[in-house]
Amino acid sequence: MARDISDATPIASRDALGELEKASASDSNNLQNLFTWAMVLSSMGRNDDAIEKYREILTRDPKNLQARYNCAALLERAGKLAAAIEEIRAALQVAPDNEMLRSLLARLVDVQRRQQLPMILGPPR
């Protein structure tokens, strides 16, 4: 029986994570299990682990736009803008007309540019 983990407590998240680990061990090719596992890890604040799971999915299914988007969002939260931009550019290779991805890429590039501006200009005098 599948659980709804959207409002999971930390204990329920740990239980769901344990179940996903067992399911993944028995069927290592099931990308849906990996995707759910990544989402549970993210909901628990284990973003680095979630990014690792999304990247595992993308190794097997490079055209998985939802995994790319989620991975990029976590990378952005971690302050890894260059990596987030790289993920969105890869997603745009699959779906070049996707306006949501195009707008996200523009926003990320803008944020990156604004963060680099002080380094370019140097310290205030």
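Show the surface of the whole protein to begin. About 8100 Å² of this predicted model is exposed, and carbon and sulfur atoms supply 52% of that area. Of the 125 residues, 32% count as buried.

**Stop 1: the whole fold**

Switch to the cartoon view. You will find 6 helices and 0 strands, and the pattern read along the sequence is α-α-α-α-α-α. If you look at the contacts between residues with a separation of 6 or more, 41% of them join residues 24 or more positions apart.

Next, colour the model by pLDDT. The mean over the protein is 85, and 72% of the residues reach 70 or more. Now select residues 1–8, where the pLDDT is below 50. Beyond near neighbours in sequence, this stretch has 8 contacts in the model. Where pLDDT is low, the predicted coordinates should not be read in detail.

**Stop 2: helix H2**

Select residues 31–43, which form helix H2. With 13 residues at 1.5 Å each, H2 should span 18 Å, and its end C-alpha atoms are indeed 18 Å apart.

Look at the start of H2. A side-chain oxygen of Asn 30 comes within 2.9 Å of the backbone nitrogen of Gln 32. After the helix comes Gly 45, with a positive phi near 80°.

Which residues of H2 are buried? They are Asn 33, Leu 34, Phe 35, Trp 37, Ala 38, Val 40 and Leu 41. Pick Leu 34 from this group and show its side chain. Its relative accessibility is 4%, so Leu 34 counts as buried, the cut-off being under 20%. Leaving out residues up to four places away in sequence, Leu 34 touches Lys 53, Glu 56, Ile 57 and Arg 60. Try a distance label too: the C-alpha atoms of Leu 34 and Tyr 54 are 7.6 Å apart, although 20 residues separate the two in sequence.

**Stop 3: helix H3**

Move on to residues 47–60, which make up helix H3. Its 14 residues should span 20 Å, and the end C-alpha atoms are 20 Å apart, in agreement.

Colour Ala 50, Ile 51, Lys 53, Tyr 54, Ile 57 and Leu 58, which are the residues to look at as buried in H3. Why do they lie on the same side of H3? They cover an arc of only 160° around the axis, which puts them there. A general point helps here: an α-helix has 3.6 residues a turn, so residues three or four places apart point the same way.

Now turn to the other side of H3, where Asp 48, Glu 52 and Thr 59 are exposed. To see what covers the buried residues, display the neighbouring elements, which include H2, H4 and helix H5 (81–94).

**Stop 4: helix H4**

Select residues 65–77 for helix H4. This helix has 13 residues, which should span 18 Å, and its end C-alpha atoms are 18 Å apart, which agrees.

At the N-terminal end, zoom in on Asn 64. Asn 64 caps H4, with a side-chain oxygen 3.3 Å from the backbone nitrogen of Gln 66. Beyond the other end you will meet Gly 79, whose phi is positive, near 80°.

The buried residues in H4 include Ala 67, Arg 68, Asn 70, Cys 71, Ala 72, Leu 74 and Leu 75. Among the elements that cover them are H2, H3 and H5.

**Stop 5: Arg 68 and Glu 87**

Stay in H4 and show Arg 68 as sticks. Is Arg 68 buried or exposed? With a relative accessible area of 11%, Arg 68 is buried. Apart from residues up to four places away in sequence, Arg 68 touches Leu 58, Pro 62, Glu 87, Ala 90 and Ala 91. A polar atom of the Arg 68 side chain lies 3.2 Å from the backbone oxygen of Pro 62. You can also label the C-alpha distance from Arg 68 to Ala 84: 8.9 Å in space, for 16 residues in sequence.

Finish by adding Glu 87, which lies in H5. Glu 87 is buried as well, with a relative accessible area of 7%. The side chains of Glu 87 and Arg 68 make a polar contact at 2.5 Å. Setting aside neighbours within four places in sequence, Glu 87 is in contact with Arg 55, Leu 58, Arg 68, Cys 71, Ala 72 and Leu 75.

How values were computed. Residues numbered from 1 in each chain as written. Heavy atoms only, no water. Helix = DSSP H or I, 4+ residues; strand = E, 2+ residues; numbered from the N terminus. Buried < 20%, exposed > 50% of the residue type's maximum accessible area, 1.4 Å probe, protein only. Contact = heavy atoms within 4.5 Å. Polar contact = N/O pair within 3.5 Å; in protein donor to acceptor, adjacent residues only side chain to side chain. pLDDT = per-residue confidence, 0-100. Areas by Shrake-Rupley, 256 points an atom, 1.4 Å probe, with all protein chains shown as cover. Expected span 1.5 Å × (residues − 1). Arc of directions from axis to C-beta.
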